[in-house]
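Visitor: I should like a close look at a single part of this model, followed outward into its surroundings. Please give the account as one connected description.

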Amino acid sequence: MSDQHTAPFRIAISTGGGDAPGLNAVIRAAVLSALHRGWECYGIRDGFAGILAPKEYPQGGVVPLTRDTVRGITSSGGTIIGTTNRGNPLRYPTAAPDGRIYERDRTDELVNGLAAFGIDALISVGGDGSMEIAAALARKGVRVIGVPKTIDNDLDGTVATFGFDTAVAFATECLDRLHSTAQAHRRVMVVEVMGRYAGWIALYAGIAGTANAILIPEIPYDLERVAAKIRRRDAEGRLYSIVVVAEGARPVGGQASVIEHEAGRAERLGGIGEKVAQGLRELTGRETRLVVLGHLLRGGSPSTGDRLLALRFGAAAVRAIEEGQSGIMVALDPPSVKYVPLEEATSRMKVVPVDCDTMLTARDLGICFGDA
Ligand code: F6P
């Protein structure tokens with residue numbers, strides 16, 4: 001590391017956006033890897049709020065991370081330094097004198113805040129929003145490495161993000177449990193899962209959990225097709241059905257179901273499960289129930305795969321800093337972890353290719369996507 005430093009080299013870690021199982025494992029790996037090199041480590045509270053809103057942190061918005069603070073956290077969900085999906089520094093919501101909320105760029109303040117704390121390099125752990133912020137900071141001269149996280153698996157440039165495997169495993173377990181009650185009551189169970197504008201969680205859990213229909217954002221659905229599938233099953237004596245709906249799914253010619261869109265944050269999706277359940281009730285006359293898995297998919301202990309991926313990403317981020325890299329994101333490229341430019345990860349969303357082998361498998365298994 002730079003021999004011009006008399007003080008120890010100092011890194012900061014930030015976790016931003018919706019939490020995902022594995023964040024704490026990244027923090028532990030990054031902190032231990034940094035301490036092994038004789039560096040100091042700090043955690044920025046709640047994304048970048050610890051620097052941009054210091055009054056909210058009387059105990060300190062930037063806190064030391066030591067061997068003790070990261071002990072035993074590999075298996076825990078959430079993040080020990082907090083996260084937020086509000087207050088994006090690129091589009092920070094601010095009240096005008098007339099009460100109107102407008103968005104302003106506060107990245108210069110963030111750059112100055114990092115310098116004021118003597119931070120030599122930053123590890124920004126998050127989804128597309130955090131990678132976009134990291135790219136902006138890199139352009140302003142901050143030495144920054146991105147670490148991709150999201151249960152949605154929608155970040156490009158990496159084969160996988162940690163959190164996804166845990167979310168899929170939990171959703172699959174829920175589907176397994178719903179089969180028996182659906183069968184016992186001869187009901188249609190509609191299960192809404194997160195995933196934003198990508199159908200990865202719905203597709204993977206739906207196939208593994210033996211759903212009869214899966215509705216994903218990539219394929220606008222015609223509910224009559226799903227109803228026809230249910231009627232066919234009824235005619236064959238299989239008097240129950242499981243329908244998995246991604247929160248970003250939309251009908252042919254229709255829009256995704258949005259709950260709200262606040263300044264400075266991504267729009268909140270939700271409500272499509274209720275529409276699908278109601279529609280299927282009317283079209284089939286069958287008793288229908290809705291289960292929204294929502295934030296349960298983000299909670300709990302990371303799977304073994306997510307722990308390993310998160311630990312590998314955290315350690316790789318520190319190695320990248322040591323190599324003098326900046327403006328890049330660590331990425332999974334099995335069997336290795338590689339580095340890709342941050343722009344590569346943010347230039348487009350990774351959605352399900354409708355002709356990928358997983359989709360072909362699902363269709364060969366007879367799963368309906370509401371399109372044919
Ligand atoms: O991006 C992760 C995610 O869990 C999405 O799947 C979901 O749309 C969103 O976060 C929900 O975020 P919030 O924490 O605002 O409810």
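Guide: Two strands are said to pair when DSSP finds at least two bridges between them. The model is a predicted one, and the part chosen here is strand S14, which covers residues 328–333.

S14 is mostly covered, with 5 of its 6 residues buried. On one side S14 is paired with S7: the two strands run parallel and are joined by 2 bridges, and Ile145 is found opposite Ile328 of S14. The pairing with strand S15 (residues 336–341) is antiparallel and comprises 6 bridges, with Ala331 standing opposite Lys338 in S15. A hairpin of 2 connecting residues leads from S14 into S15. In a regular strand the side chains alternate between the two faces of the sheet.

These pairings belong to an open sheet of 7 strands with mixed pairing, in the order S3-S2-S1-S6-S7-S14-S15. Strand S3 (62–64) and S15 are the edge strands; each has a single partner strand, so one side of each lacks a neighbour in the sheet. Ignoring direction, neighbouring strands of this sheet are turned by 30 degrees against each other on average. Elsewhere in the order, strand S1 (residues 10–15) and strand S6 (residues 121–126) run parallel and are joined by 5 bridges, among which Ser14 has Ser124 of S6 as its bridge partner. Helix H4 (residues 128–139) packs on this sheet and touches S6, S7 and S14, its direction making about 160 degrees with that of S6. H4 is thus a helix in contact with the chosen strand, because S14 is among the strands that H4 touches.

The surroundings of S7 and the segments that follow S15 are also linked through side chains. Side chains of opposite charge can pair when their charged atoms come close. Asp156 and Arg348 form a salt bridge, with an N to O distance of 2.9 Å. Asp156 lies in the loop between strand S7 (144–148) and helix H5 (164–185), and Arg348 in the loop between helix H10 (342–346) and helix H11 (357–364), so the pair ties together parts that are 192 residues apart in sequence. The two ends of this bridge have opposite settings: Asp156 has a relative accessible area of 13%, under the 20% limit, and is therefore buried, whereas Arg348, at 55%, is over the 50% limit and is therefore exposed. By the same rule of counting, the model has 23 salt bridges. Among the others, Asp128, Asp152, Asp154 and Arg196 are linked in a network.

A further salt bridge, between Arg187 and Glu287, has its closest N and O atoms 3.4 Å apart. This pair connects distant parts of the chain, 100 residues apart: Arg187 is in the loop between H5 and strand S8 (188–193), and Glu287 is in the loop between helix H8 (272–284) and strand S13 (288–292). Arg187 is buried at 14% relative accessibility, while Glu287 is partly exposed at 39%.

The strands that follow these two loops, S8 and S13, occur together in an open sheet of 4 strands with parallel pairing, ordered S9-S10-S8-S13. Strand S9 (213–215) and S13 are at its edges with a single partner strand each, so one side of each is left without a neighbour in the sheet. The average turn between neighbouring strands here is 20 degrees, direction ignored. S8 and S13 pair in the parallel sense over 5 bridges, and Val190 has Leu290 in S13 as its bridge partner. Helix H7 (residues 223–235) packs on this sheet and touches S8, S9 and strand S10 (241–246), with a direction at about 160 degrees to that of S10. H8 also packs on the sheet, touching S8, S9, S10 and S13, and its direction makes about 160 degrees with that of S8.

A helix contact completes the account. Helix H1 (residues 23–36) packs against helix H9 (residues 304–322) at an angle of about 35 degrees, with the axes 7 Å apart. The crossing of H1 past H9 is right-handed. The contact brings Ala25, Val26, Ala29, Ala30, Ser33 and Ala34 of H1 to Arg307, Ala310, Leu311, Gly314, Ala315 and Val318 of H9. By class, this contact has 9 nonpolar, 2 polar and 1 charged residues.

Notes:
Residues numbered from 1 in each chain as written. Predicted model: local features only at pLDDT ≥ 70, side-chain atom pairs only at ≥ 80, totals over all residues. Heavy atoms only, no water. Salt bridge = Lys/Arg side-chain N within 4 Å of Asp/Glu carboxyl O. Buried < 20%, exposed > 50% of the residue type's maximum accessible area, 1.4 Å probe, protein only. Axes fitted to C-alpha atoms, helices over the stretch in contact; angles between N-to-C directions. Left-handed = near helix turned anticlockwise from the far one by under 90°. Contact = heavy atoms within 4.5 Å. Nonpolar A, V, L, I, M, F, W, Y, C, P; charged D, E, K, R; others polar.
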